[in-house]
Amino acid sequence: MDELFQTAPETPERVPADVQGTIPDWINGTLLRNAPAKFEFGQHAYKHWFDGQALLHSFTIEKGEVSYHSKYLETKAFTRGNEQKRIVYAEFGTAEVPDPCKNIFARFFSYFWPSKLFKRSDNTSVSVFSMKGKIFANGDSPFMNEIDPDTLQVLGVANTTTDIVIESARLVYACAHPHEETDGNIYHMMTSVGLQPCYNIVQVPPTEQANQIETETPLEGAKIIATIKPHKSTTYHHSFGITPNYFIFVENPFSISTYEVLRMRFDQSCFHNCMHWDPSELSRFYLVERKSGECVGSYEAYSFFSFHHVNAYEDNDGQVVADLCCYPDASIMDLFYLHHLRNSKIDKVTENFANAEVRRYRLPIPGKAVSRSHSPRLPYEILGSDLEMPGINYRFNGQQYRYIYGTGPYEHGHFLDQLAKLDTVSKVKKTWYEPGCFPSEPVFIERPGAKDEDDGVVLSGVVGTGGQRSFLLVLDAANFTELARAIIPSHLPQSSHGCFIPNLSSRLQAKKPEPNYK
Ligand SMILES: [Fe+2]
């Protein structure tokens, strides 16, 4: 188990995988994954799994064959950390290590220099997404690092704080899970601070003309299309929901103290220390109408914590249905400290490791709902348990759907060591499990010409422990049985999120010019 959370080596040269079974010949493309995978610089170690420096890795599938390589994301946090052999930037759970080359007076006065006061790490180790025809590594961060999907090198960095200009506020944080619609528009949820802190839904339009793809900056044309006022202070969030007519945002009582964030460098603190769970508070759903940008509904629910919205849709009863993976509170964040994860026996983190419950909340749309519950708190239906890192057939994003893919524990108390497919109608779960194997977030790929929602495959990078080899697993999504595995002859890190890019080889035929926004 602790093998999953040690610093992982790069595999800089592509290596062929040993394919066992048959990968359908219609799958051609690259599964890009992001992983926190370097946990120390010099004698200084990070404390939390989320702190790890990003290791991008890639499985390229072509004509039934698979190749693999990986590379650390060469951010300032990574390169300066290597050069200075210290933690130069605070991360989620670890404070900055002061520069020993500066005396105490130089350090003290640097804190008052405005550009130095709020030093943010540009490490983005959570996910990978596409925007304006380019690929970015991101996290819960203002930074989005553009990467070359072939070489995994950083091409440039977009910064929401400086690249989106609005009056009287700064967009200091974009959550890790944007939504992409078929027209190429990307929607981000970004928090702004200033005189009136708020959550903002930001639309980034696609590049209109192909010859502008290389000259447009990543956030060019971005605009705020809706704002949501926080109940009290702003809170941590990691994802949001979208339907054809609404955005769904959940504010859990896990607040972020701006004052404490600004004092982080004085206090030798980190972001997690600036977040506070208030057990006396409620969770709140906000329903934002896309056409007007107005918040048309807010709903109170008994408090819970969630990283992931699974999906949302508008039903025939005038309700928005929102499915989320939920925890009783935010203590899950504490369990991701590395001393917890590494000290466990074989595959048990702790008997008390919380496992996510998949809940369905129904939000009555004002003026449209056929009926409304008289309960002052929003009720919910449990669709399933022990399921995290949810994925769906993304063609059904915002639409009525049936199947959720995810990871979960094989037995209560295990870390995420099983893949699952949850039928939200029958509530039956199909699973894949192999002892000593830890699968990553399943990514659904639809078969060309498919009619059924689950006609396709599920891909997952599986980390083998205890002498087991790691591999890319290909499951038939309908019956959840193994079609093939591609065994990787090198180390595979435990990853968080990623995406599949179809036909990468054809994308690479044209030589890319250097970007102009680096
Ligand atoms: Fe996530």
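These are my notebook entries on a predicted model, covering the overall fold, the recorded histidines, one helix and several sheets.

**Entry 1: the chain as a whole**

I began with the size of the chain, and found that its C-alpha trace spans about 65 × 60 × 55 Å along the principal axes. I then asked what radius of gyration a compact globule of 518 residues would have, and the expected value is near 24 Å, with which the 22 Å of this chain agrees. Counting the secondary structure, I noted nine helices and 36 strands. Of the 518 residues, 47% count as buried. I also looked up how far apart in sequence the contacting residues are: among contacts between residues at least 6 apart, 61% join residues at least 24 apart.

**Entry 2: the recorded histidines**

Which residues does UniProt list under "binding site"? The unreviewed entry gives His177, His238, His308 and His497. These positions are spread over 321 residues of sequence, yet they cluster in space, with a largest C-alpha distance of 12.3 Å.

I took His177 as the starting point and found it in the loop between strand S12 (169-174) and strand S13 (179-180). I wanted to know whether to call His177 buried or exposed, and it counts as buried because 21 C-beta neighbours lie inside 10 Å, where the cut-off for a buried residue is 20 or more. Leaving aside neighbours within four places in sequence, His177 is in contact with Ser127, His238 and Ser239, and His238 is itself one of the residues in the UniProt record.

His497 came next, and its place is in the loop between strand S35 (481-487) and strand S36 (498-502). With 24 C-beta neighbours inside 10 Å, His497 also passes the threshold and therefore counts as buried. Beyond its neighbours within four places in sequence, the contacts of His497 are Asn34, Val126, Ser127, Val128 and Glu441. I noted that Ser127 appears in the contact list of His177 and in that of His497.

**Entry 3: the partners of strand S35**

Since His497 lies in the loop that follows S35, I looked up what this strand pairs with. Strand S34 (residues 471-476) runs antiparallel to S35 and is joined to it by six bridges, with Leu475 standing opposite Glu482. The hairpin of S34 and S35 has four residues between the strands, and in it Phe480 takes a positive phi near 60 degrees. Strand S2 (residues 18-21) pairs with S35 as well, in the antiparallel sense and over four bridges; here the bridge partner of Gly21 is Ala484.

**Entry 4: helix H1**

Which residues of helix H1 (residues 76-84) are buried? I found Ala77, Phe78 and Gly81. Seen down the axis of H1, these buried residues fall within an arc of 100 degrees, so they line one face of the helix. In general, an α-helix has 3.6 residues a turn, so residues three or four places apart point the same way. I then checked what covers the buried residues of H1, and the cover includes strand S4 (40-41), strand S6 (53-62) and strand S7 (65-72). After H1 comes Lys85, which has a positive phi near 50 degrees.

**Entry 5: the sheet S23-S24-S25-S26**

This open sheet is formed by four strands in the order S23-S24-S25-S26, and their pairing is antiparallel. Its edges are strand S23 (309-314) and strand S26 (380-385), each of which pairs on one side only. On average, and with direction ignored, neighbouring strands of this sheet are turned by 20 degrees against each other.

Going through the pairs, I found strand S24 (residues 319-326) joined to S25 by eight bridges, and Val321 standing opposite Arg362 of S25. Strand S25 (residues 357-364) is in turn joined to S26 by five bridges, and there Arg360 stands opposite Glu381.

**Entry 6: the sheet S17-S18-S21-S22**

A further open sheet has four antiparallel strands in the order S17-S18-S21-S22. The strands at its edges, pairing on one side only, are strand S17 (241-242) and strand S22 (295-301). Between strand S21 (residues 283-289) and S22 I found antiparallel pairing over six bridges, in which Phe285 has Tyr299 as its bridge partner.

Note on methods. Residues are numbered from 1 along each chain as its sequence is written. This is a predicted model: local features need pLDDT of at least 70, side-chain atom pairs count only at pLDDT 80 or more; totals for chains, interfaces and linings use all residues. Two strands pair if DSSP finds at least two bridges between them. Helices (H or I, at least four residues) and strands (E, at least two) are DSSP runs, numbered from the N terminus. Axes are lines fitted to C-alpha atoms, for helices over the stretch in contact, and angles run from 0 to 180 degrees between N-to-C directions. The radius of gyration is taken over C-alpha atoms; the globule rule is 2.2 Å times the number of residues to the power 0.38. A residue is buried if 20 or more other C-beta atoms lie within 10 Å of its own, exposed if 12 or fewer, and partly exposed in between; C-beta atoms are placed from the backbone. Two residues are in contact if their C-beta atoms, placed from the backbone, lie within 7 Å. UniProt positions are given in the numbering used here, feature names are shortened, and annotations may be inferred rather than shown by experiment. The arc is that of the directions from the helix axis to the C-beta atoms.
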